[in-house]
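Open the model in your viewer and keep the selection panel at hand. The stops below are given in the order in which to select them.

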Amino acid sequence: MAPPAQAHRSPSPSQPSGKGEVSDLKSQLRQLAGSRAPGIDDSKRELFKKVISYMTIGIDVSAVFGEMVMCSATSDIVLKKMCYLYVGNYAKVNPDLALLTINFLQRDCKDEDPMIRGLALRSLCSLRVANLVEYLVGPLGLGLKDNNSYVRTVAVIGVLKLYHISAPTCIDADFPPTLKHLMLNDPDPQVVANCLSALQEIWSLEASTSEEASREREALISKPVIYYLLNRIKEFSEWAQCLVLELVAKYVPLDSNEIFDIMNLLEDRLQHANGAVVLSTIKVFLHLTLSMTDVHQQVYERIKAPLLTLVSSGSPEQSYAVLSHLHILVMRAPFIFASDYKHFYCQYNEPSYVKKLKLEMLTAVANESNTYEIVTELCEYAANVDIPIARESIRAVGKIALQQYDVNAIVDRLLQFLEMEKDYVTAEALVLVKDLLRKYPQWSHDCIAVVGSISSQNVQEPKAKAALIWMLGEYSQDMQDAPYILESLTENWEEEPSAEVRLHLLTAVMKCFFKRPPETQKVLGAALAAGLADFHQDVHDRALFYHRLLQYNVSVAERVVNPPKQAVSVFADTQSSEIKDRIFDEFNSLSVVYQKPSYMFTDKDYRGPFEFSDELGNLSIAAESADNVVPAQGVEANDKDLLLSTSEKEEIRGATFNVSGYSAPLYDSSAASVQSELAIISSTSAGSAPSSSLAIDDLLGLGLSAAPAPEPASVPPSLKLNSKAILDPGTFQQKWRQLPISLSQVYLPFLTLILF
Amino acid sequence: MISQFFVLSQRGDNIVFRDYRGEVQKGSAEIFFRKVKFWKDDGEEEAPPVFNVDGVNYFHVKVVGLLFVATTRVNVSPSLVLELLQRIARVIKDYLGVLNEDSLRKNFVLVYELLDEVIDFGYVQTTSTEVLKSYVFNEPIVVDAARLQPLSPAAIFMQGTKRMPGTAVTKSVVANEPGGRKREEIFVDIIEKISVTFSSSGYILTSEIDGTIQMKSYLTGNPEIRLALNDDLLIGKGGRSIYDYRSSTGSGAVVLDDCNFHESVRLDSFDVDRTLSLVPPDGEFPVMNYRMTQEFKPPFRINTLVEEAGALKAEVIIKISAEFSASITANTIVVEMPLPKYTTRDHGSFFVVADGESTQIVGGSEHTLRAKLTFSQESHGNITKEVGPVNMTFTIPMYNASKLQVKYLQIAKKSSTYNPYRWTSSFKPLNDPEMASHLNSSNLFALLLAALLFISRNGVAGSRQLLEKTEPEIPEFPKPNIPEFPKPEFPPLPTIPTFPKPELPPFPFIPNLPKPEFPFVPHAPALQKPGVPKRPESPHSASSP
């Protein structure tokens, strides 16, 4: 709870400084401990409150541990709760004193009030003191069999807590099989959900050492369990539904009938007001239909409306989470969302993280039919008071220009940006014009006319300045005063802070020299001299290199520095498709928000139960990516500035080396982890195939031991399909299968029928 | 699976701090706060709701200026955690009545109690206010709601919540009324946020309504409720482009693009008669969220004209015409227009013209705002490109753009042992639609973009009826709105909760119920007025004290 370290923080006026107050509290508590006066509970409450508030703001109140325990003998439940909270917080640092609490907690575990039993059991398991685990086993065992479902939910989580304190104790007490039994038989859905969480965690942690555990882990996603949970899905709370759906997404159905049955059952979950439920359902739908291209596309169509509703209905934070997922879908299938581009328009009051995502989506969905509207809208943002967003939207216009065939109108817009004479607009536009010229050299005439009129004094940002200099060098034959601009830039060599700009300047002067030697010769000399004297290694080296090249042979130098260029047709994608697929496999997780697969941002220990079978499905991807990780990572590390860095690669080798150097450690660890994952999978998958029936038998046996409870595994499992469905299953499947996208008018009303 | 949960004040103090799994280091709150405060990564001003520092994922939502934070090391579902944080804030609000720093600090023990039950070892147990009631023993210490500053409409939009903090009843689900007896109440609001973009010629480019039917229930015994919406409500416009206006040929039907429902809502008869049945859980929750792109009439039109008057001067003329009924008044109007940084007059980059008389606009009227600008440097050619967008926020009571209505609300008797002696009707007579208009004037002749946002609130009577029959004859009443509601008596925000009961005006949508069905409780003074509902001849006389 409150970090003890914070106690040393300089106390703000509103906070007591600590020491004196704590000893005050100590003596007051001591006085109250023995007293039996009426109304004593009220004064105790006040004191306890004080202790807890100190704890919250970061004052170490562990000194009063003994007194708190002494005061805890009370029947007042509010007092008890505060005491439990305190004890749970400080027991770890006071293991000896914690022993004192065991007595009263164990007594409370047998109280007649289920509330007290539950509370005591929870606190008992929260002590996190390793040498007290022996006291936990008994109460936990009783708790799991308690009549009251509240106590059982607490006990199930208690087992998990015990596992984390001492795994052998938990396994030896045979708790996991008990949990499994409860999961399949308990009438209370929250008990079932907690069992599922606990078992997922325990078995995926055990799986690395025990083969049986990994079999059990696989058994969780076997048909009987999945069907059992699916049939009860409506009983679960919304949070537990997410848990179940997350599990279902890992299930691999045998045939398409099964897929359609599951989709039928879960269809109405898409109408849930909780975004987490909807996203988990979408994950199930997407993963189930991966092998059926046409249906997969129908799923995209189907989930569009619920996603858009979620985006606009919650707080900005919630819509950000949904929007990130919409983003990944848009990136995968831009054409499906092309007609919805207006939903991605930014509103003035949206936070910038939302706007940024929307701009990316607008860029992605631009096609022949909507480019004009999108670019017009983006141009509105360019004059935005929010400068980062204004920049971002100019970049978006540029990206659209680079991906379109008909760019006339867009080029005009970009050139208008240059005329707006706002520093950042000019800067961004210059960079874009440079990229555009590399792809469409035929536009050089129009662009150069405008670029030529820009005063280099007004351009300060290194990237923009570099872009301007690049154009001066590349098109010096078309720009009347190119050598003279370069000359004045060279004169200011000393004042130029950016090495990138100086590198570009060197190259541009060289290029200019080959085209207009008489006018440039003087500048070239000055530039080379300045370059040789430069303190920056790269600049120095390049100047030296040019100098020697020129000394060797001028025509060779021209071939090296200014070879005839081909227009760039496709700029490198920012992310490799393997990475993207991996992110997609981890749909509805942080990977989507960070746009990175989980191995890049989570420690191995915390990959968690969610991932435990992902690798199984992705075996091929994982194997592939083990080989391809190097390029993938190198590209990934650079992310959004990639367009720029690729474009400059030819000139700035240093920069690209830096990039790969930066990603190298990343690669090492991730490749290692991928390989180790592979090792685990190969061992588990080898074992699991023959043993899956065994797992079901096991499940069956447990099911039989509790006679009155439902036995999910004893009969061939079946789904309780939506009984109100108007269409018979066959027609339903036909619809999903056959409807082409263009017919979705028919398709959506049809779905409405199914739903209501 | 989350590791820690904490609430930080605006200054970064821990108000509550709960560590569930001990996987994340203790100083996480400080790391988090520093990161959020100095978020300058990539030139962004605002930290995203989710970020990762050294392998720890931090999630946060901002609620009334407080930061609700969760941390984890595991790759969890971000929307699950963010939904959860929002839900925790709502549950706390249900219990405390008012959610702010003061109330949280006063009730932190109660909040710990709630947190203990909501999450165990990082796993969500329950977030139902209803269920939690049986586990919570602390009495909330009520913070005086009247002292709260009602947030300006703009501030509400900055938070992005569609709820109106002031109008929502600031009443705890566990606290008793000062009179010692619990009032049976249910509140239903329709809150709509509208975004409209139109061109300078007044042509609508895009329009969308995001609406919520929000319910807040204080009924004991959890009776079932039926909520009837418009008969002609249609959902889903098929696969056509949602901006295809050809489909809306003025048939009068309300066509929603899509909607979603709260867990408790049962849709058994929804496709037959558009009624939702639900057993409302305690506390506040959205019954239904919907989204509509059908054409509708925006309540305001804004025209902006920027005229250059010499090299260093310009004049801005903003014309606002209110296109709603003259019986309705829009208030708390703020019009904002960002100006170039080099503007020397009209204080900096913003000017607000919502002073004096213009804070209220009566329906049908037209207002013109003029401002002269002086610049410190010569503008580069196109001043019109650099001003704007014009943003407008406002509140219009009794206005609902989507025409979605709650026709009636019916509370069914749950069991025969249920003793519904009291018949209480409470309702929020005032709709507080909130409208924020956003207008982007780009060029005199080019585009004039405007996005209008607004929220409308629809008060609906909750009526507890002693009904054995399941189908009461409920006459159709035209609208849930009370059109001629006296304006001055209902200042928008804080007054509603304290609305004196005996002054309840006869409410038009209480159905004509058979008289003997109401065994009035003698000691319930509130009952005299709402007794047998008649159509109000003159609500003015009834409600003016």
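In which helix of chain A is A:K26 found? Select residues 19-34 of chain A: this is helix α1, and A:K26 is in it. Helices here are DSSP runs of H or I with at least four residues, strands are runs of E with at least two, and both are numbered from the N terminus.

Before going on, note that this is a predicted model, in which local features need pLDDT of at least 70 and side-chain atom pairs count only at pLDDT 80 or more, while totals for chains, interfaces and linings use all residues. Residues are numbered from 1 along each chain as its sequence is written, chains are lettered from A and ligands numbered from 1 in the order in which they are written, and side-chain values use heavy atoms, with hydrogens and water left out.

Stay on A:K26. Its relative accessible area is 27%, so the residue is partly exposed. The classes are buried (under 20% relative accessible area), exposed (over 50%) and partly exposed in between, with a 1.4 Å probe and protein chains only. Leaving aside residues up to four places away in sequence, A:K26 touches A:A63, A:V64 and A:E67; a contact means heavy atoms within 4.5 Å. Now add A:V560: from A:K26 it is 534 residues away in sequence and 82 Å away in space, C-alpha to C-alpha.

Next, colour chain A by secondary structure. The chain has 38 helices and 0 strands. Of its 756 residues, 60% count as buried. Among contacts in chain A with a separation of 6 or more, 70% are between residues 24 or more positions apart. The exposed area of chain A is about 29800 Å², of which carbon and sulfur atoms supply 55%; areas are from the Shrake-Rupley method with a 1.4 Å probe, and for residues only the protein chains shown count as cover.

Select 465-573 of chain A for domain 1 and 577-604 for domain 2. These bounds come from an automatic or database domain assignment. The centres of the two domains, taken over C-alpha atoms, are 42 Å apart.

Now show the cysteines. How many disulfides does the structure hold over all chains? The count is 0, where a disulfide is a pair of cysteine sulfur atoms within 2.5 Å. At A:C379, the closest cysteine sulfur is in A:C346, 13 Å away and too far for a bond. A:C379 is buried at 11% relative accessible area, and A:C83 is buried at 1%.

Turn to the aromatic rings. Over all chains there are 22 aromatic pairs. Rings of Phe, Tyr and Trp (its six-membered ring) pair if their centres lie within 6.5 Å; planes under 30 degrees apart are stacked, over 60 edge-to-face, and the rest tilted. Select A:F584 and A:F587: with centres 6.2 Å apart and planes at 65 degrees, the pair is edge-to-face. A:F584 is buried at 2% and A:F587 at 0%. In chain B, the rings of B:F261 and B:F270 are also edge-to-face, with centres 5.6 Å apart and planes at 75 degrees.

Keep B:F270 selected and add B:R274, whose charged end sits over that ring, 4.7 Å from its centre. The criterion is NZ of Lys or CZ of Arg within 6 Å of the ring centre and within 35 degrees of the ring normal. B:R21 lies over the face of B:F121, at 4.2 Å from the ring centre.

End with residues 108-118 of chain B, helix α4, where 11 of 11 residues are buried.
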